[in-house]
Amino acid sequence: MNSKKTIFVLVLPGLAVMVFAILAPILLSVYYSMTNWSGFGAKTFVGLANYKEVILQDKTFWRSLYNALILLGVTIFIQNVLAFLLASVLIKLSEKLSLLLRTIYFIPAILTVVVISKLWVNIMNPNYGLLNKVLNSTGLGSLAHSWLSEPKTALGAVIFITVWHGFGWALLFYYSGLTTVPKELEEAALVDGAGPVMRYMKVVIPYMMPVISAVIIIDIIACLKQMEVVMLTTSGGPGNMTQFVAYHLYEQAFKYSRYGYGNAISILFVIIALTITLLAKKFLSGDNGND
């Protein structure tokens with residue numbers, strides 16, 4: 001067998017997987033997005049009508065995208081910052097204490113979404129939930145709410161549950177990254193008179209940028225395709241206050257039997273996700289296009 005045939009045989013399995021598992025479904029989704037189809041029976045070709053409806057008339061789509069971006073902002077600027085700071089503290093502790101605390105913080109991450117959603121639905125229940133009982137017993141009864149069903153608190157409650165569930169993963173990534181920072185670099189900065197804040201700003205964070213970039217890219221994908229917590233806690237309500245793109249897509253395609261319309265949402269969703277991911281990657285890599 002010559003070298004070209006050998007290369008072809010080696011590449012063929014991977015190429016076949018890519019074509020049938022990735023490329024073909026995307027192309028089929030593009031085709032279905034241009035049809036008025038319920039998932040059964042005959043299809044009616046409607047061209048770009050579904051895309052026009054999503055972009056120009058579907059307020060729920062834009063609301064769900066707005067909610068996803070709010071979740072992304074909270075995840076990047078609050079969850080990640082807290083996880084990084086906590087990882088910086090844990091790495092300074094003794095190994096036993098650090099291991100104990102890391103285990104405790106990671107417990108929510110290993111629980112299934114069903115378990116954590118049910119847990120917080122019960123805690124936030126307005127009638128028998130622990131949260132309102134604690135507020136009432138401590139004289140803060142005015143702060144008690146029907147957390148998951150009131151318009152002004154529902155989105156915040158869903159975001160809190162999602163961030164709480166994912167905090168352990170962010171902490172794990174940052175702690176693992178901090179263990180790889182060479183002590184020599186920090187010691188050299190210390191000799192040069194750099195304080196703790198300056199050492200982190202000039203040495204640790206630049207060294208950790210590949211880890212930080214990876215975590216943020218994972219966060220972007222996870223936030224945009226958020227669905228499970230929404231489905232298990234609020235089902236997108238009250239109204240559409242806690243609607244997210246993936247759940248809106250699911251409802252249109254499988255609950256309302258608008259399979260073609262759901263595919264149009266999915267294609268726009270992929271385009272938006274790729275755009276945000278590429279912009280974030282470009283920003284985090286410091287590539288300003290001058291090279």
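Visitor: Among contacts in the protein chain with a separation of 6 or more, what percentage comes from residues 24 or more positions apart?

Guide: This is a predicted model, in which local features need pLDDT of at least 70 and side-chain atom pairs count only at pLDDT 80 or more, while totals for chains, interfaces and linings use all residues. Residues are numbered from 1 along each chain as its sequence is written, and side-chain values use heavy atoms, with hydrogens and water left out. A contact here means heavy atoms within 4.5 Å. Of the contacts in the protein chain with a separation of 6 or more, the part owed to residues 24 or more positions apart is 64%.

Visitor: What pattern does the protein chain follow when read along the sequence?

Guide: Helices (H or I, at least four residues) and strands (E, at least two) are DSSP runs, numbered from the N terminus. The protein chain has 12 helices and two strands, and its C-alpha trace spans about 75 × 70 × 40 Å along the principal axes. Read along the sequence, these elements follow the pattern α-β-β-α-α-α-α-α-α-α-α-α-α-α.

Visitor: Of the 291 residues in the protein chain, what percentage is made up of buried residues?

Guide: A residue is called buried under 20% relative accessible area, exposed over 50% and partly exposed in between, using a 1.4 Å probe and protein chains only. By that division, the buried part of the 291 residues in the protein chain is 40%.

Visitor: Which element gives the largest share of the largest nonpolar core?

Guide: A nonpolar core is a set of buried Ala, Val, Leu, Ile, Met, Phe, Trp, Tyr and Cys residues joined through side-chain atoms within 4.5 Å. The largest such core has 60 residues, and those with the most contacts inside it are Tyr174 and Met208. Elements giving two or more residues to this core include α3 (59–90), α9 and α12 (259–285). The largest share, 12 residues, comes from α7.

Visitor: Which residues is Tyr174 in contact with, leaving aside its neighbours within four places in sequence?

Guide: Tyr174 is one of the two residues with the most contacts inside the largest nonpolar core, and Met208 is named alongside it. Leaving aside neighbours within four places in sequence, Tyr174 is in contact with Asn80, Ala83, Phe84, Ala87, Met208, Val211, Ile212 and Val215.

Visitor: Why is α11 largely enclosed by the rest of the structure, and which elements do its buried residues pack against?

Guide: Eight of the 11 residues of α11 are buried, so this helix is largely enclosed by the rest of the structure. Among those buried residues are Tyr247, His248, Glu251 and Gln252. The buried residues of α11 pack against α3, α9, α10 and α12.

Visitor: Which residue just after α11 takes a positive phi?

Guide: The residue lies in the loop between α11 and α12, and at 39% relative accessibility it counts as partly exposed. Its phi is near 55°, a positive value in a residue other than glycine. The residue just after α11 with this positive phi is Ser257.

Visitor: Which residue does a cis peptide bond join to Gly237?

Guide: The residue in question has its place in the loop between α10 and α11. Ser235, also placed in the loop between α10 and α11, has a positive phi of about 55° although it is not a glycine. The cis peptide bond, with omega about 0°, joins Gly237 to Pro238.

Visitor: How far apart in space are Gly168 and Ile107, C-alpha to C-alpha?

Guide: Gly168 has its place in helix α7, and at 3% relative accessibility it counts as buried. Not counting residues up to four places away in sequence, Gly168 touches Tyr105, Phe106 and Ala109. Gly168 and Ile107 are 61 residues apart in sequence, while their C-alpha to C-alpha distance in space is 7.3 Å.

Visitor: What volume does the largest cavity have?

Guide: On a 1 Å grid over the protein atoms alone, a cavity is a set of points where a 1.4 Å probe fits but cannot get out, and lining residues have an atom within 4 Å of a point. Grid points are joined across faces, edges and corners, and a volume is the space filled by probe spheres set on the points. The structure holds one cavity of 30 Å³ or more, and its lining includes Ile91, Lys92, Glu186 and Tyr200. The largest cavity has a volume of about 80 Å³.

Definitions and conventions:
On a 1 Å grid over the protein atoms alone, a cavity is a set of points where a 1.4 Å probe fits but cannot get out, and a pocket is an open set with protein on both sides within 12 Å along at least five of seven lines; lining residues have an atom within 4 Å of a point.
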